[in-house]
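Work through the exercises below with the sequence and the 3D view at hand, and try each task before reading its solution.

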Amino acid sequence: MGPLKPNFIELIVGLVIFFAVFAALAMVLLPRIDKILADREEATTGTLEQAEAVESQARLVRAEYQAELSAARQEASRIRQAAHEEGVALLAAVRSEGQKAREDMVAAATVQLEADRVIAEAELREHVLGLATALAGRIIGEPLTDIDRARAVADAFFAGAEADTAG
């Protein structure tokens, strides 16, 4: 027998053993392999679906964050604008109050100056009247005792002097 003519009994025994091994593999090993492949496919598909769900949720969270950030920026801008307007109003009020206080101080100072001027003028008139009376008494050689007449002459003189300076 040569290589081209095999022994029929060996061929049948070989085929029976081959089919027995094949059947054992098909019944025991292949279902396990199929189960492992299915588990891997399910895990891969589940993980992919889970990743897509997480990515979708992350997009939603990011959109919410962006919306909240935008709202916070608008709120901050509104608060800054309100504070600026309040500051401008407060500054205007303080300036107005300062202007009024300055005007009140100028008015009070003007009144005080006018009162001081009147007092100084009256004191000066009395002093000039006293000096003029004493000088007139020296010139005449006898003391002048008619104070009312001297006052009338001095008042007439001052009235004429004021009329000359006014005109």
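**Exercise 1. Find the distance at which the side chains of Glu121 and Arg125 meet, and place the two residues in their surroundings.**

Step 1. The side chains of Glu121 and Arg125 come together in a salt bridge, with 3.4 Å from N to O, where a salt bridge is defined as a side-chain nitrogen of Lys or Arg within 4 Å of a carboxyl oxygen of Asp or Glu. The model is a predicted one, in which local features need pLDDT of at least 70 and side-chain atom pairs count only at pLDDT 80 or more, while totals for chains, interfaces and linings use all residues. Residues are numbered from 1 along each chain as its sequence is written, and side-chain values use heavy atoms, with hydrogens and water left out.

Step 2. Both Glu121 and Arg125 belong to helix H1, where they are four residues apart, about one turn of the helix; helices (H or I, at least four residues) and strands (E, at least two) are DSSP runs, numbered from the N terminus.

Step 3. Glu121 counts as partly exposed because its relative accessibility is 28%, and Arg125 is partly exposed because its value is 24%. The cut-offs are under 20% relative accessible area for buried and over 50% for exposed, with partly exposed in between (1.4 Å probe, protein chains only).

Step 4. Glu121 and Arg125 are also linked with Glu114 and Arg117 in a network of salt bridges.

**Exercise 2. Determine how many salt bridges the whole structure holds, and describe two others.**

Step 1. A search of the whole structure gives six salt bridges.

Step 2. In one of them, Arg59 is joined to Glu55, and their closest N and O atoms are 2.5 Å apart. Arg59 counts as exposed because its relative accessibility is 56%, whereas Glu55 is partly exposed, with a relative accessible area of 40%.

Step 3. Lys100 and Asp104 form a salt bridge with an N to O distance of 3.3 Å. These two residues are separated by about one helical turn because they are four residues apart in helix H1.

**Exercise 3. Decide which kind of aromatic pair Phe18 forms with Phe19, and which kind with Phe22.**

Step 1. A pair of aromatic rings is described by the distance of the centres and the angle of the planes. Rings of Phe, Tyr and Trp (its six-membered ring) pair if their centres lie within 6.5 Å, and planes under 30 degrees apart count as stacked, over 60 as edge-to-face and the rest as tilted.

Step 2. The structure contains two aromatic pairs. Phe18 and Phe19 have ring centres 5.5 Å apart and planes at 65 degrees, so this pair is edge-to-face. Phe18 and Phe22, by contrast, are stacked, with 6.3 Å from centre to centre and 20 degrees between the planes.

Step 3. Through these ring pairs Phe18, Phe19 and Phe22 become linked into a cluster.

**Exercise 4. Compare the radius of gyration of the protein with that of a compact globule of 167 residues.**

Step 1. The protein has a radius of gyration of 62 Å, but a compact globule of 167 residues would have one near 15 Å. The radius is taken over C-alpha atoms, and the globule rule is 2.2 Å times the number of residues to the power 0.38.

Step 2. Along the principal axes, the C-alpha atoms fill a box of roughly 190 × 25 × 25 Å.

Step 3. The protein has two helices and zero strands, and buried residues make up 4% of its 167 residues.
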